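Dear colleague,

I am passing on a structure that I would like you to look over when you have time. It is shown just below, and my notes on what was found in it follow.

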Amino acid sequence: MTSPILQPVVQETTPALIARQLRRAIGEGDLVPGQQLNEAELSRRLGVSRGPLREAMQRLTQEGLLVSIRNRGVFVIEVTDDDVRDMYLARTAVERAAATRAIQVDAEHAGERLLEVVRTMTAAVAQNDTDALTEADVEFHALLVALAGSARLSRMHTTLMVETRMCITALESRYNSHIFRLDEHRDIAEAIGRSDVERADRLLLDHMEDAIGRLSPSEG
């Protein structure tokens, strides 16, 4: 019987590796919204030739993280209120589907794994470390989708979380207390662990709608 721990090794191409680095740079703000990408500079910083760099940039353009403007160049997208609403609409669909599937696969295991991340979030709140809290927040949602065991859901979610990171700093500043943010994640994890599909689904929906309300003044 094949061990579930051992998985086939996937050899990533150079453009795929570059695309992953660019996604991270966009998500963490090293490449800021509206910034024009300089091929020569990026090629030097990454230590790669322009061919695979251009292919990687094309991938991110197809994903919607970059926009190519004729006769001007390639730019990091700027996130508008409409983008925020659309992004959270897509995230809600992916994460609600993932939560239901994670419960079907192994609810108790999923709940335990998610609560481990909640404990990391708790420590970050106690230390008033918003950077660590944000990293744990992103980890929670990525893990939730990974626990569904769907490669396609995970691929879609990866791009959505890069876009989420682009506006997460603004979201941080709109909580009077991060205890509320922490409680939301704990409640979701516990509902999943109890196989309570209906409550987990409702909590995820409320969690996303709350974020939209905080990020988009017109929704408040």
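How many residues line the largest pocket, and which of them lie nearest its centre? The lining consists of 21 residues, and those nearest the centre of the pocket are R20, R23, S154, T158 and V162. Two or more lining residues are given by each of the elements α1 (14-27), α5 (130-146) and α6 (151-172), and it is α6 that supplies the largest share, with 7 residues. By residue class, the lining of this pocket divides into 9 charged, 8 nonpolar and 4 polar residues, while the volume of the pocket comes to about 690 Å³. Please keep in mind throughout that this is a predicted model, and that all residues were used for the totals for chains and linings.

As for the chain in which this pocket is found, there are 8 helices and 2 strands, and the order of the elements, read from the N terminus, is α-α-α-β-β-α-α-α-α-α. The chain has 220 residues, of which 41% are buried, and the area that the chain exposes is about 12300 Å², with carbon and sulfur atoms supplying 48% of that area. Turning to the contacts with a separation of 6 or more, 72% of them are accounted for by residues that lie 24 or more positions apart in the chain.

With best regards

Technical notes: Residues numbered from 1 in each chain as written. Predicted model: local features only at pLDDT ≥ 70, side-chain atom pairs only at ≥ 80, totals over all residues. Heavy atoms only, no water. 1 Å grid on protein atoms, 1.4 Å probe; cavity = no way out; pocket = protein on both sides within 12 Å on 5 of 7 lines; lining within 4 Å. Points joined across faces, edges and corners; volume = space filled by probe spheres on them. Helix = DSSP H or I, 4+ residues; strand = E, 2+ residues; numbered from the N terminus. Nonpolar A, V, L, I, M, F, W, Y, C, P; charged D, E, K, R; others polar. Buried < 20%, exposed > 50% of the residue type's maximum accessible area, 1.4 Å probe, protein only. Contact = heavy atoms within 4.5 Å. Areas by Shrake-Rupley, 256 points an atom, 1.4 Å probe, with all protein chains shown as cover.
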